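Hi there,

Here is the structure I promised to pass on. Have a look at it first, and then read my notes underneath.

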Amino acid sequence: MPCLAPVYEWYAHSVTFQQIKSGYQVMTAHPDLTICGVGRSAMAFKIKHEPRVIKVFYPPYETVAKNEQQNYTKIKDDHRYPTLYESGSNYLVIDYIEGRTFFQCLQEGISILPEYVDQVDEALSYARKKGLNPSDIHLHNLLVTKEGNVRIIDIARFSQKKTCFQWDDLKAGYYKHYHKPYFPSKVPKWMMNLVANLYHRFH
């Protein structure tokens, strides 16, 4: 049975965070919630018995929840993005999408096909047509379903003003290196994190 909005709000209020050196950790959460994603501004929880996720924002980033809610409203007709079901002052409720992120594909040696890259381009083009500015596109928020469909699962920063070249740089690296003989069949997690840290440091 689908939850009603007050229940989602109750779930959101059950979550409390503590700031630590590396970010935030969960202090309390309703037993129906299981962590399924950790980001810079929020943490995502799978809701028990529902194909939905509640994304709860850390206290300093609660204003980001409103921005992302507005962004989802603008691209609500595109199946390449999750459906937004409910939002509050510090949370969003969206589809739970089963699949692997591009990061997991690289780590596990699962091929990232050119058609996946094309699907990302198409989804970002649609967002631009709706007045958004796709930003902060990285390996963790590009997800491939078992049917081979790409979903973009984090659009909190699609409303920022500055131009972001992160996806263009990822795509250039893909076409320049990914299919070459020297590219490893599996890329260690530490290596991808190191590359990401260096990229952000110098950009």
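Below are some notes on its cores, cysteines and one pocket.

This is a predicted model, so local features need pLDDT of at least 70 and side-chain atom pairs count only at pLDDT 80 or more, while totals for chains, interfaces and linings use all residues. Residues are numbered from 1 along each chain as its sequence is written, and side-chain values use heavy atoms, with hydrogens and water left out.

First, the cores. A nonpolar core here is a set of buried Ala, Val, Leu, Ile, Met, Phe, Trp, Tyr and Cys residues joined through side-chain atoms within 4.5 Å; buried means under 20% relative accessible area, exposed over 50%, and partly exposed in between (1.4 Å probe, protein chains only). The largest core has 38 residues, and Tyr81, Phe102, Ile152 and Phe158 touch the most other members. Helix 4 (residues 114-129) supplies its largest share, seven residues; helices are DSSP runs of H or I, at least four residues, numbered from the N terminus. A second, separate core of 15 residues includes Leu33, Ile54, Val56 and Tyr58.

Next, the cysteines. The structure holds zero disulfides (pairs of cysteine sulfur atoms within 2.5 Å). For Cys105, the nearest cysteine sulfur is that of Cys36, 17 Å away. Cys105 counts as buried because its relative accessibility is 3%, whereas Cys36, at 40%, counts as partly exposed.

Finally, the lining of the second largest pocket comprises three nonpolar, six polar and five charged residues (Ala, Val, Leu, Ile, Met, Phe, Trp, Tyr, Cys and Pro count as nonpolar, Asp, Glu, Lys and Arg as charged, the others, Gly among them, as polar). On a 1 Å grid over the protein atoms alone, a pocket is an open set of points where a 1.4 Å probe fits, with protein on both sides within 12 Å along at least five of seven lines, and lining residues have an atom within 4 Å of a point.

Best wishes

Notes:
Helices (H or I, at least four residues) and strands (E, at least two) are DSSP runs, numbered from the N terminus.
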